[in-house]
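Got the structure loaded in your viewer? Let's walk through it one selection at a time.

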Amino acid sequence: MFIKNAWYVAGWSSEFGDELRRVTMLNEHLVMYRTSSGDVVALEDRCPHRLLPLSKGKRMGDDIQCGYHGMTFNCSGACVRIPGQDNVPSTAYVNTFTVVERNQIVFVWMGDPCHADESKLFDMPELSDANWHAHQGDALHLQANYLNVAENLVDPAHVSFVHPTTLGNAASENVPVHVDTKGDVLVAWRWIRDAEAVGFFKKFGGFTSNVDRWHYYYLHLPSIAVIDFGSADTTAKIAEKERDKGVRIFALHFLTPVNEHYTIDRWMHIRNAAIGDDTASEQMDAMFRIAFNEDKEILEAIEEQERLPQKRKPIRLAIDKGPAVYRRRIRDLLEQETTEDLGEPLHPTFVHH
Amino acid sequence: MFIKNAWYVAGWSSEFGDELRRVTMLNEHLVMYRTSSGDVVALEDRCPHRLLPLSKGKRMGDDIQCGYHGMTFNCSGACVRIPGQDNVPSTAYVNTFTVVERNQIVFVWMGDPCHADESKLFDMPELSDANWHAHQGDALHLQANYLNVAENLVDPAHVSFVHPTTLGNAASENVPVHVDTKGDVLVAWRWIRDAEAVGFFKKFGGFTSNVDRWHYYYLHLPSIAVIDFGSADTTAKIAEKERDKGVRIFALHFLTPVNEHYTIDRWMHIRNAAIGDDTASEQMDAMFRIAFNEDKEILEAIEEQERLPQKRKPIRLAIDKGPAVYRRRIRDLLEQETTEDLGEPLHPTFVHH
Amino acid sequence: MFIKNAWYVAGWSSEFGDELRRVTMLNEHLVMYRTSSGDVVALEDRCPHRLLPLSKGKRMGDDIQCGYHGMTFNCSGACVRIPGQDNVPSTAYVNTFTVVERNQIVFVWMGDPCHADESKLFDMPELSDANWHAHQGDALHLQANYLNVAENLVDPAHVSFVHPTTLGNAASENVPVHVDTKGDVLVAWRWIRDAEAVGFFKKFGGFTSNVDRWHYYYLHLPSIAVIDFGSADTTAKIAEKERDKGVRIFALHFLTPVNEHYTIDRWMHIRNAAIGDDTASEQMDAMFRIAFNEDKEILEAIEEQERLPQKRKPIRLAIDKGPAVYRRRIRDLLEQETTEDLGEPLHPTFVHH
């Protein structure tokens with residue numbers, strides 16, 4: 001039920017150091033650490049002998065020694081020592097995962113390392129452009145399936161009802177949503193012209209008269225969302241492509257499915273205003289925390305409800321265009337992985353020492 | 001495993017006001033509230049779109065607006081608004097349940113509203129008779145199947161052992177129990193003549209010399225019990241039908257099965273003494289709380305034990321007459337519901353707007 | 001999955017008195033108490049009527065009265081009273097278990113009492129020899145299957161890695177392990193000659209120069225372990241059989257499987273030094289607590305890991321000799337019980353009164 005051949009975020013770069021850290025993604029346990037060369041590595045967190053998580057062991061240089069009987073693995077997953085015997089059998093290894101760090105974010109390719117494709121790594125120019133201020137926020141933990149969380153991030157229609165005091169207001173309740181697809185990115189968007197500013201932009205942009213407001217929800221399959229939203233004074237009459245002229249914010253959501261019922265949403269934001277202003281970043285964090293906890297409450301309630309026996313099929317509405325396209329694309333990707341059998345490496349992923 | 005075509009208590013009238021309240025009965029989630037006309041209504045607590053409980057939404061007049069995308073339902077269960085679209089499909093509705101309030105108690109008919117039968121509502125004249133003092137007590141939450149809780153309420157034999165300091169004493173240990181059935185009411189009873197008063201009546205009736213004591217356990221199928229118990233000075237030599245001459249108390253138990261392993265017992269009491277005396281009500285509450293928690297401890301321990309694998313069939317005793325008749329009647333009612341297929345409404349229960 | 005025809009420890013003698021105590025072993029609930037004659041008895045903790053644990057009832061002399069309806073059982077499991085009726089049906093009994101107390105330890109035979117075999121009771125002369133100091137420690141509760149806990153007690157190789165500061169050190173990492181079997185006892189052992197003393201013996205034996213150190217792990221099937229370990233000055237050149245010449249300690253572990261995922265390890269120790277010195281006992285307890293909690297952390301992590309879906313079979317190493325023999329012997333014993341059908345008594349185990 002997970003797409004394995006994709007990059008998932010294990011954390012911000014600052015979260016990884018010398019110590020062994022257990023990270024769970026797609027129902028698999030990984031042990032991750034930063035080697036002496038500065039690279040972050042990820043191994044299967046399970047000793048092949050008695051199954052103890054290697055994260056319970058200790059580092060010996062760049063290797064890990066199991067905490068039970070001392071079997072030692074290098075960061076390619078090869079066993080380099082078995083106390084009490086000289087030969088190392090070919091079955092003595094742990095799987096490894098490809099890790100790439102970019103823009104201070106640690107990505108892991110959860111499928112076969114042979115197919116790890118850096119061209120598919122998420123990036124956007126604003127992440128490394130001095131005219132924009134990027135700020136890493138929190139990890140929101142949701143007891144919810146990642147598909148429901150992702151669906152919520154390609155669904156502009158919920159904003160008026162879930163976030164009435166922060167990101168939305170009544171003016172947008174009936175405004176229709178457009179949906180389009182470009183390769184592995186879906187986009188759902190709408191403009192609300194000549195309406196009162198929402199709470200977020202009253203507080204942050206300082207708008208007191210009517211604004212033109214936009215919401216563009218980009219969903220990079222399978223689980224990274226960029227929400228481009230902003231406001232500009234209605235009298236400025238900006239065109240759709242001139243969004244940089246207004247106060248423009250990108251909210252990024254990196255969803256990591258922990259297991260079927262648990263998702264971590266690591267979020268950050270990028271803005272074209274208040275560059276270098278840490279107080280503004282903190283205020284924005286505070287506003288986002290309120291809004292994202294509103295999502296969390298809804299999504300966790302739905303998760304519980306979905307686990308009950310269902311007597312009727314859910315109904316579909318006009319506003320479901322974005323989520324419906326998303327679900328279809330995910331189904332296609334899952335089917336493709338099954339038929340191409342890329343999900344599991346056929347051979348150990350290291351050369352034996 | 002539940003009898004659907006019956007009235008169950010959702011709470012005392014004082015518990016229902018403007019706010020949306022989630023109530024779970026027979027493993028179904030309801031959202032309940034009091035409309036502007038003063039009526040309490042109950043709807044299926046599940047939006048047909050993305051399944052969010054409607055109780056997470058908000059009231060718009062007498063309607064409920066879903067907290068996720070704003071679908072709005074009136075108190076007949078009909079959808080009156082879908083933001084972003086004009087047409088309302090026929091599948092856009094929620095089920096409703098028939099609610100009746102009587103004697104300051106809110107009853108819900110959990111079966112098909114077409115079969116809701118007010119003639120089957122529980123009532124007794126003492127609930128609205130100025131010569132009697134009625135007092136609503138607490139909701140006792142038990143991690144136990146309702147059949148075990150109900151069985152305990154048609155079982156006078158447990159009183160000597162479970163409640164030795166409050167409702168029973170050793171004098172009644174070997175007194176035989178009579179059982180009879182009148183329509184949908186079972187009754188199990190016994191008299192203990194010329195014996196020491198039990199703790200409850202020493203404290204409440206002030207008896208110091210020997211009394212005649214009675215216990216009548218009336219069980220209104222499927223899950224409402226009235227325990228008529230009292231004491232009179234033995235020298236008064238009262239007949240069985242003259243119980244009003246003694247200190248007489250009715251303890252009422254309205255059992256609501258929440259799910260297979262969880263039951264709420266809302267209890268109240270009615271008495272022919274200390275009319276209008278609130279201190280006496282409080283003292284009685286305190287004594288009942290002790291006694292009912294003794295039941296709770298036993299019933300929850302049995303629930304745990306019943307979940308274990310069983311190597312031997314439980315044995316039946318002479319004192320099981322009441323419980324045995326009760327179980328048989330419940331089995332008959334369940335079978336009747338299955339064969340008559342009254343359990344589920346065949347069609348939506350509202351006329352589309 | 002449990003061997004029933006064996007003695008398991010229910011507790012130290014000091015833990016059993018007048019009060020009814022629920023004890024769970026091999027997934028069965030027992031009620032245990034000490035009778036007026038001083039004997040500890042164990043009955044099935046389940047009234048055959050409504051299944052209430054008898055431990056929720058009360059003692060009537062040496063009998064137990066059920067807390068629900070007063071059925072009363074003597075300490076042979078026979079029913080001696082049913083309130084409300086005169087006849088006692090043949091099905092009114094509870095099973096009993098054979099209990100033996102020896103060396104201040106309470107043992108229960110969990111199989112058919114007809115096969116209870118006192119010759120199989122665990123004993124060792126040092127438990128009652130004035131030249132040795134025996135001290136009862138704690139009950140360590142582990143969320144782990146008993147086989148994994150027992151395996152750890154016939155596995156000298158883990159000591160260097162799990163207990164590097166207390167019971168082991170790096171000197172023993174590569175020393176090979178010997179394994180042998182004598183009847184129902186396995187032994188795995190090794191000597192580390194002419195090496196630095198481990199933390200335990202530095203602190204307790206006061207060794208500052210090099211020592212000869214031994215570890216003998218005796219596992220009495222199915223679940224009692226004696227670890228004979230000690231140190232002697234290397235210059236003394238003691239032979240393997242002369243261990244009494246050094247500082248010698250026996251750590252005893254009585255494993256009681258509570259259920260498939262939960263084991264109690266009651267441990268005690270016996271030593272040939274500091275006889276009668278309670279402070280030394282306390283210091284030793286403190287050191288053992290540190291070491292045994294190190295085991296607990298490992299074993300509970302393995303338990304969690306074993307519950308996950310496994311893609312690969314665990315690999316076996318040279319150091320697994322002891323555990324491998326243990327697993328094979330347990331398998332044989334389980335198979336023997338199944339084919340001989342000794343596990344369940346065919347008839348009630350008492351003579352009806």
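Start with chains A and B, keeping in mind that this is a predicted model. Superpose chain B on chain A: a rotation of 120 degrees with 0.1 Å of shift along its axis does the job, with an RMSD of 0.0 Å. That is how a three-fold axis relates its copies. Which residue of chain B has its C-alpha nearest the axis? Pick B:Arg307, whose C-alpha sits 13 Å from the axis.

Next, bring up chains A and C together. Their contact draws on 19 residues from chain C and 19 residues from chain A. Colour the helices on the chain C side: α2 (159-162) and α4 (278-307) of chain C each put in at least two residues. Of the elements there, α4(C) gives the most to the side that touches chain A, namely five residues. Now switch to colouring by residue class, and the chain C side of this contact splits into twelve nonpolar, four polar and three charged residues.

Now hide everything but chain A and colour it by domain. Domain 1 covers 7-119 and domain 2 covers 130-335. Put a marker at each C-alpha centre and you'll have 34 Å between the two. How many residues of each domain are in contact with the other? Eight from domain 1 of chain A meet eight from domain 2 of chain A. On the domain 1 side, select β1 (7-12) and β2 (21-25) of chain A, the elements that give two or more residues. β1(A) gives the most here, with three residues. By class, this domain 1 side has five nonpolar residues, three polar ones and no charged ones.

Last stop: chain B, for some strands. Select β9 (residues 96-102) of chain B and look at its partners. On one hand there is β4 (residues 40-44) of chain B, which pairs with β9(B) in the antiparallel sense over two bridges. Zoom in on B:Leu43 and you'll find its bridge partner in β9(B), B:Thr96.

On the other hand, β9(B) is joined by five bridges to β10 (residues 105-109) of chain B, and these two run antiparallel. Click on B:Thr98 to trace this pairing; its bridge partner in β10(B) is B:Trp109. Then follow the chain round the turn: β9(B) and β10(B) make a hairpin with two residues between them. Check the backbone at B:Asn103, in that turn, where phi is positive at about 55 degrees. While you have the strands on screen, show the side chains too: in a regular strand they alternate between the two faces of the sheet.

Key:
Residues are numbered from 1 along each chain as its sequence is written. Chains are lettered from A and ligands numbered from 1 in the order in which they are written. This is a predicted model: local features need pLDDT of at least 70, side-chain atom pairs count only at pLDDT 80 or more; totals for chains, interfaces and linings use all residues. Two residues are in contact if their C-beta atoms, placed from the backbone, lie within 7 Å. Helices (H or I, at least four residues) and strands (E, at least two) are DSSP runs, numbered from the N terminus. Ala, Val, Leu, Ile, Met, Phe, Trp, Tyr, Cys and Pro count as nonpolar, Asp, Glu, Lys and Arg as charged, and the others, Gly among them, as polar. Two strands pair if DSSP finds at least two bridges between them. Domain bounds come from an automatic or database domain assignment. Copies are superposed by least squares on the C-alpha atoms of residues with pLDDT of at least 70 in both.
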